[in-house]
Amino acid sequence: MVDRPHLLAARRLLDRAAAIDAAGGAAAPEAAPRPVRGLYLEDLAVGRVVEHALTRTVTETDNVLATTLSLNPAQLHLDHDAAAKTEFGRPLVNSMFTLSLLVGISVHETTHGTTVANLGFDDVTFPKPMFHGDTLSARTTVVSNRPSKKRPHQGVVQFKHEGFNQHGHLVASCLRSALMMTRPSA
């Protein structure tokens, strides 16, 4: 099963590969246009809220893959029998996967192509667990925005990301600081 955003991204990648092949080989890195779908520093006014259109249903495969790739041996994520004996009664989705998914959902509408670097995370919380089959939706609020003192065409933005399950329960939140580009001058 493939969801529409992944299908469209795959098609764009194939189209780009075909164009490079038709041109007779690999394009120089500077020749490829940088995709910009995100917002620039000037667009990220304090208090701006983005209710993200993209959602994601988490599967058991997602959870097992994320858990094993991070070398996490916790039975609560991987062992149905052991997890059934806990207060949750079933395996929990790895919280680090939930966090990365939450931030990932936000990228298309806020920072895709306009982020220079992630600078850090603060106040990461997981007030309710995620389970296999839960659907994560996300909201991002701009908490602060300031021009960089050392980089004239960049600035630092702090985002508050909040993730909700299909029942509207807050399952994850964090503050993320990112170095962002200003709008290019014409």
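Reader: What share of the 186 residues in the protein is buried?
Author: The model is predicted: local features need pLDDT of at least 70, side-chain atom pairs count only at pLDDT 80 or more, and totals for chains, interfaces and linings use all residues. Numbering runs from 1 along each chain as its sequence is written, and side-chain values use heavy atoms, with hydrogens and water left out. A residue is buried under 20% relative accessible area, exposed over 50% and partly exposed in between (1.4 Å probe, protein chains only). Among the 186 residues of the protein, the buried share is 34%.

Reader: Which pattern of helices and strands does the protein follow along the sequence?
Author: Helices (H or I, at least four residues) and strands (E, at least two) are DSSP runs, numbered from the N terminus. The protein has five helices and six strands. Read along the sequence, these elements give α-β-β-α-α-α-α-β-β-β-β.

Reader: What percentage of the contacts with a separation of 6 or more comes from residues 24 or more positions apart?
Author: A contact requires heavy atoms within 4.5 Å. Of the contacts in the protein with a separation of 6 or more, residues 24 or more positions apart account for 71%.

Reader: How far apart are the end C-alpha atoms of helix 5?
Author: The expected span of a helix is 1.5 Å times one less than its number of residues. Helix 5 covers residues 95–110, and its 16 residues should therefore span 22 Å. The distance between its end C-alpha atoms agrees with this expectation, at 22 Å.

Reader: Which residue caps the N-terminal end of helix 5?
Author: Buried residues of helix 5 include Phe97, Leu101 and Ile105. A polar contact is a pair of N or O atoms within 3.5 Å; within protein, one must be able to donate a hydrogen and the other to accept it, and residues adjacent in sequence count only if both atoms are side-chain atoms. At the N-terminal end of helix 5, the backbone nitrogen of methionine 96 lies 2.8 Å from a side-chain oxygen of the capping residue, asparagine 94.

Reader: Which residue shares a side-chain polar contact of 2.6 Å with threonine 140?
Author: Threonine 140 belongs to strand 4 (residues 135–147) and counts as buried because its relative accessibility is 2%. Apart from residues up to four places away in sequence, it touches several others, among them Val50, Phe159 and, from the buried part of helix 5, Ser106 and Thr110. The side-chain partner at 2.6 Å is histidine 52.

Reader: Which residue has its backbone nitrogen 2.8 Å from a polar side-chain atom of glutamate 42?
Author: Glutamate 42 is placed in the loop between helix 1 (4–22) and strand 1 (49–51); its relative accessible area is 48%, so it is partly exposed. Leaving aside neighbours within four places in sequence, glutamate 42 contacts Thr182 and Arg183. The backbone nitrogen in question belongs to arginine 183.

Reader: Over the face of which residue does arginine 90 lie?
Author: A charge sits over a ring if NZ of Lys or CZ of Arg is within 6 Å of the ring centre and within 35 degrees of the ring normal. Arginine 90 lies 3.6 Å from the ring centre of phenylalanine 131.

Reader: What is the approximate phi of aspartate 123?
Author: Most residues other than glycine have a negative phi. Aspartate 123 lies in strand 3 (residues 115–125) and is exposed because its relative accessibility is 57%. Although aspartate 123 is not a glycine, its phi is positive, at about 50°.
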